[in-house]
Every structure is written in structure tokens, then in C-alpha cells.
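Trainee: Could you take me closely through the place where the ligand sits, and then through the other hollow spaces of this protein?

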Amino acid sequence: MATVLYNIGQLLTMDHQDGPVRGQDMNELKVYEDYGLLIEDGKVSQIGSSDQIKNLPADHKIDCEGRLVTPGIVEPHTHLVFGGSREHEMALKQQGVPYLDILKQGGGILSTVRATRETSAEELYKKAMFHLDRMASYGITTVEAKSGYGMDHETELKQLRVANKAGSDHPIDVVSTFLGAHAITEEYKDDPEALLDKMAAMFPTIKEEGLAEFVDIFTETGVFTVDQSRRYLQQAKEYGFNVKLHADEIDPLGGTQLAVELGATSGDHLAVATDEGIQQLASSNTIGVLLPGTIFYLGKGEFARARDMIEAGAIIAISTDFNPGSSVTENIQLIMSLAALKMQMTPEEIWHAVTTNAAYAINRGEVAGKLKVGRQADLVIWDAPNYKYIPYHYGVNHVNTVFKAGCKLYERGGLHG
Ligand code: IZC
Ligand code: ZN
């Protein structure tokens, strides 16, 4: 099967540099105008001028009518699989009750833990597939999914299995992360170390069954300390997992430095990272995954210092943090606008942050995030004349058509299988 896309107004291949893109380089983008692209057997097989590509033999020819075409968006931080929802906590947020206080009172993450324990695998699967469909509609073609709403062996395994099954059934690729260390449940409130031991006891099974590639932990006041996180993630590394941290989200505990010290693939949030944390991040290969939707949604705190991080030379990605409590949206395009408006990232930096760097943040840098001959054809045709338009026109969906591995995954006006 061959498909030709021609009359592309602007094509971003994101293929101008090997590896993740750091610091000032994030501001350099190659834009190909009046271009075309040939897809054969699910892969990009030729990229060239529209005139050159247009006349190649193909089963389908799509006139992009001057639209923007980019790689499919990579979403490196989501809590995809969960039971229930937490709209009842909105009133508490409006009254100014802090996120960590809601958690301390047994709500927040713990409320989703109760709901997830009570929800069957079938129901969790249906819900996850629904959210994946919606992500696809926003141009997302690869997604990381965390567990962490079970916090007991049975439910964590249920969540991980659902994420893996959703990943194999849905065209979107799902990269699975074990976040058993997400909160402290009532029975472990006086002994969080015992909870970590219990979660670490799952490492061999998760590894043997290939249920997760990453191990993640919530390093935060009232959750896990830096020392506890270090010990737990070191154990995870001994079992061959790559590691990630929810670091410096609300209180500056030094999670950013710990991410660098451990050689974590990514340190996520980093909203209150200190100067020292930013310097260390910038001189490391750990990717900073910034989640401005969370700061917006919680209505408190500062947005991560993306400008300082990029100027210091760090590798930055952005993500929705899609979850039922602190960032309830699948709309990555809205997050791109927040990155522009609240973190002063340039459109060029933002496109790197949702493609190449996001892919490296989940170890998919060599297969996703770029349009390149020989690579899977994951791409988006946008109802936009240029790449700067997406973060600029905010809050709506600009997707026209999404291709995953050369097949139509979403088209404006309906889903096509
Ligand atoms: O369910 O609140 N921050 N984990 C750490 C979350 C947010 C997800 C949630
Ligand atoms: Zn998270």
C-alpha cells in the first residue's frame, strides 16, 4: 500500500540532528515548504518537493492544500489507566484546599486508588481505549502510561496488564511505567519503607512478564523522601529498569538532582527545581519533562522555569500529565499553548518538546518523533498554515488527519479504524 501526500505547505520532519535536542538547539527548526511525502508499507519511503512526489505511483493521493504536516505527537507522561473520576474535588480546589492536603485526608490519588481497586480489568480497558482514541484525535501517536492507582500487587498488575493490552490493541503505541510508589496508603502511613519494599517485591514479576519498561516514584512532601526514592530506584535499576521521577512538583526537595544522580531517563514536573537542580539537569542526559497543565489546573505555584533550563542547556519535553486529579485533559495542543504563554517557550522549542525530546524521554527516540525515510509513518496533517499557528490559536483541536504507521487513525469528523 502506497500513499502520497502532496501540497504540504510546511513540513516539519524534526530530522535535523541525531539524538535528543538540548538548549539553544531547540530553537532551530528546519521547515520544508511545498513538500511531499510517500508512505509505503507503513513507513516513510520518500520525502521531496511536492512536484517530485506528486506523480509517484500510489494507491491514494492526498492533496494537503497547503496545510502543515508534522510527526505524530509523543506524549511522555500520562496516568492513562484509572477507575472513577474526581470532579467532587473541584469544589475543594476552589476553596483553596491544597492538593497535598486533599491527599492527606485520604482523597486525591487515594480516592482514585479505591476506585481503581473496585473497577474490573474490562472496564479499565474500555476507559483506557476511550482516552487513547481521544488522544489520537489530538494528534498523539505514542503514549507513556503509568500504573500507581493500585498500590497492592493485584491491582497494580491489573493496571499494568490493561495498559499493555490497550497498547497492543490500539494503533497508538503505549510505553508502560510502574508507579507503585505513588502515594502512601492508610495501612502504611507509619511505615512508608514497608510499602516501598512491598512494591519493590513486584520488580521480578514485572520484569519477567515485560509489563513495564520504567519504574517511577512520587518524590514529594507527605509521599516519599529523596532518600527513600534513591533506595527504591536503585533497586529498580538493579532489576534492569530505566527510571523516572515525579520530582520537585510542589515542594523543592531536590528530586531534580536525584534524577540526575541516578541517571534517570527523565525527571518530570520540575516546577520548583532550584538553580542547582537546573544546572545539574543541564549538564546531564536526563530529560526534563515539564507539565504546565498541572500548574494551571491546580491553580497554585509557579510554572517550571523552562527558559532558565533551556538557556542552561537542558533537554526539555512537555506533556499533558493526563490524570484524573491534577491535569484532566488529553489535549496536548492546549499544553503547547500553556508552554508558550506561561513558560515563554518558542514555537520551535515547543515542537521539539512534543516530538523528538518527548520520544527520547520514553526511550523511543529512534522510532518515533521524527519523519525520516525508513521510519514508521506516524504523522499529522493540521488545519493550520504553519507550525507557529498551533500554540497560538489555543484551546481547540487543529487536527485534520492522523496517520499511525501509514494508516489513517483519525480524521476530522469521525474515527476510521
Ligand atoms: O492522580 O493526582 N501528581 N500524581 C502526582 C498525580 C499528580 C496524579 C493524581
Ligand atoms: Zn504524573
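Mentor: What follows starts at ligand 1 and its surroundings and then turns to the other cavities and the pockets. Please keep in mind throughout that this is a predicted model.

Ligand 1 is the natural place to begin. Taken alone it exposes an area of 270 Å², and the protein buries 100% of that. The space that ligand 1 takes is the largest cavity, and about 80 Å³ of space lies in this cavity.

The shell around ligand 1 consists of His79, Arg86, Tyr99, Ile109, Tyr149, His182, Phe218, His246, Glu249, Asn323 and Ser326. Sorted by class, these shell residues comprise four nonpolar, five polar and two charged. For three of the residues a polar distance to the ligand can be given. The side chain of Arg86 places an N or O atom 2.9 Å from an oxygen atom of ligand 1, and the side chain of Tyr149 has an N or O atom 2.6 Å from an oxygen atom of ligand 1. With His182 the partner in the ligand is a nitrogen atom, which lies 2.7 Å from a polar atom of the histidine side chain.

The lining of the cavity can be set beside that shell. His79, Arg86, Tyr99, Tyr149, His182, Phe218, His246, Glu249, His269, Asp321, Asn323 and Ser326 line the largest cavity. Ile109 appears in the shell around the ligand, whereas His269 and Asp321 appear in the lining of the cavity. By class, this lining is made up of three nonpolar, six polar and three charged residues.

The structure holds three cavities of 30 Å³ or more, and in the second largest of them lies about 40 Å³ of space. Its lining is formed by His269, Ala271, Leu290, Leu291, Pro292, Thr294, Ile295 and Ala304, so you meet His269 again, as one of the residues that line the largest cavity. Helix α12 supplies the largest share of the lining of the second largest cavity, namely three residues. Six of the lining residues of this second cavity are nonpolar and two are polar, with no charged residue among them.

Turning to the pockets, the largest has a volume of about 450 Å³. Of the 19 residues that line the largest pocket, Leu103, Lys104, Gly106, Leu110 and Ile184 lie nearest its centre. The elements that give two or more residues to this lining are α3, residues 99-104, and α4, residues 109-118. By class, eight residues of the lining of the largest pocket are nonpolar, four are polar and seven are charged.

The second largest pocket, with a volume of about 240 Å³, has 16 lining residues, and those nearest its centre are Tyr99, Ile250, Leu298, Lys300 and Gly301. Here the elements that give two or more residues are α3 and α12, the latter spanning residues 292-298. The lining of the second largest pocket has ten nonpolar, two polar and four charged residues. Tyr99 is worth following through the whole picture, as this tyrosine is found in the shell around ligand 1, in the lining of the largest cavity and among the residues nearest the centre of the second largest pocket.

Note on methods:
Residues numbered from 1 in each chain as written. Chains lettered and ligands numbered in written order. Predicted model: local features only at pLDDT ≥ 70, side-chain atom pairs only at ≥ 80, totals over all residues. Heavy atoms only, no water. 1 Å grid on protein atoms, 1.4 Å probe; cavity = no way out; pocket = protein on both sides within 12 Å on 5 of 7 lines; lining within 4 Å. Points joined across faces, edges and corners; volume = space filled by probe spheres on them. Helix = DSSP H or I, 4+ residues; strand = E, 2+ residues; numbered from the N terminus. Nonpolar A, V, L, I, M, F, W, Y, C, P; charged D, E, K, R; others polar. Near = heavy atom within 4 Å. Polar contact = N/O pair within 3.5 Å; in protein donor to acceptor, adjacent residues only side chain to side chain. Areas by Shrake-Rupley, 256 points an atom, 1.4 Å probe, with all protein chains shown as cover. Sits in = over half its atoms within 2 Å of the grid points.
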